[in-house]
Amino acid sequence: MKIGIVCYPTFGGSGVVATELGKALADRGHQIHFVTYNQPARLDFFSENLFYHEVSVAQYPLFDYPPYELALASRLVDVVRFEKLDVLHVHYAIPHASAAFMAKQILATYGISIPVITTLHGTDITLVGQDNTLKPVVTFSINKSDGVTAVSEHLKADTYKYFKIEKDIRVIPNFIDMQRFSLKPKDHFKKAIAPNGEKIMVHTSNFRKVKRTEDVIEMFARVIKTIPAKLLMVGDGGERSSCEKLSRSLGISEHVRFLGKQDAVEEILSVADLFLMPSVSESFGLAALEAMACKVPVISSNAGGLPELNIEGVTGFLLDVGDVEGMAEKAIYILEDDERLQQFKENALERAKQLQLSNIMPLYERYYEEVIENS
Ligand code: GMT
């Protein structure tokens, strides 16, 4: 198939899923055309089946808000016509689904029919899409998609709950490339971070409010009263400085390292004993799956799709949003006994294996075929 993929080209979960999916489909022999405003972050190598088409937005003094959505729609018309694509797969509804709808209408005037599949990733439904300034367009463009997927059962249910959706939504979970995300021998790094054999806890995110990064610090402050430990905070975003301030005011800053954005997250996860994800909302929790693939158990909130990934008492524990006391208690329970910790690590890896790329990618492949056939 010739598949057009539209996504955010950043390190965000939806962009990562879109890019990894495109790479895997290209390996399977499909021709993949990424259409976005920058080279996708993980599209950093050459393959004869991978193409990148940049969307450039016209700058004009009149525009306080450059019309990205229109530029994207025009670029899609151009790419679909000249590359003769079979299907367009857009990741994150806003504004990709409505841009694809517009492109589809324009292409019809050239006698070209192209099915559009929209994958809902999370905040496009649970946060941003709920805003009244966007809701009618999000509802309309989901209903006008030829196929719709969501990354968890919970996100599917939320979509029906918050929007008037007439379409069937297919759940296809996030997946993990186990070639890349696996335990790497990083003992020298572990020694440098935890010279006295302290346990290592890790959080990775974009430090947005939805991630409740301050809860990570609060939880860690409680854990180190009992267990000698270090905390690695990976990523960057609005909440980072308040987390730094909090760790200073709690007197634990010598045990907390803010590493900023990192490309080789799998190397950091390879030294970790526990991953922390106390998010207020999380449609799936790809970062937790990345940790599990590196044999790291997870303490998370029980928000959104997290219970579909993190199995209570098996791969980690899930607690109510904001329950830092409970999270710390469970963290201590896992970390205080090496045999128990080892068992949680094994379980985390087994769960990740169920969601490996080779198991999930064919679900998308078959869905494309189904949608193309029915449209
Ligand atoms: O988590 C983020 O802030 C990034 C966001 C995105 O859209 O890029 O991630 C969402 O999509 C990921 C991939 O499907 C999911 O694994 C994340 O759980 C989801 N984030 C939220 O729902 C907050």
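**Two domains, a sheet and a ligand**

The domain assignment of the protein chain gives domain 1 (2–175 + 357–374) and domain 2 (187–354); these bounds come from an automatic or database domain assignment. This is a predicted model, where local features need pLDDT of at least 70, side-chain atom pairs count only at pLDDT 80 or more, and totals for chains, interfaces and linings use all residues. Residues are numbered from 1 along each chain as its sequence is written.

User: How far apart do the C-alpha centres of domain 1 and domain 2 lie?

Analyst: The two domains do touch: the contact takes 17 residues from domain 1 and twelve residues from domain 2 (contact puts C-beta atoms, placed from the backbone, within 7 Å). As for the C-alpha centres of domain 1 and domain 2, their separation is 31 Å.

User: Which elements give two or more residues to the side of domain 1 that touches domain 2?

Analyst: Elements here are DSSP runs numbered from the N terminus, with helices (H or I) of at least four residues and strands (E) of at least two. On the side of domain 1 that touches domain 2, the ones giving two or more residues are H1 and helix H6 (153–162).

User: Which strands stand at the edges of the open sheet?

Analyst: Six strands line up as S10-S9-S8-S11-S12-S13, with parallel pairing (two strands pair if DSSP finds at least two bridges between them). An edge strand has a single partner, so one side of it is left without a neighbour in the sheet; that goes for strand S10 (256–260) and strand S13 (316–319).

User: Are Gly316 and Leu318 of S13 buried or exposed?

Analyst: A residue is buried if 20 or more other C-beta atoms lie within 10 Å of its own, exposed if 12 or fewer, and partly exposed in between, with C-beta atoms placed from the backbone. Both faces of S13 are covered, with Phe317 and Leu319 on the other side from this pair. Gly316 and Leu318 are buried.

User: Which helix gives the most to the shell around the ligand?

Analyst: There are 20 residues around the ligand, and Gly12, Gly13, Ser14, Gly122 and Leu286 come nearest (near puts the C-beta atom, placed from the backbone, within 6 Å). Both domains take part, as the shell draws at least three residues from each of domain 1 and domain 2. The top contributor, with four residues, is helix H1 (residues 13–27).

User: Which residue in S13 stands opposite serine 301?

Analyst: Strand S12 (residues 298–301) runs parallel to S13, and four bridges join them. Across from serine 301 is leucine 319.
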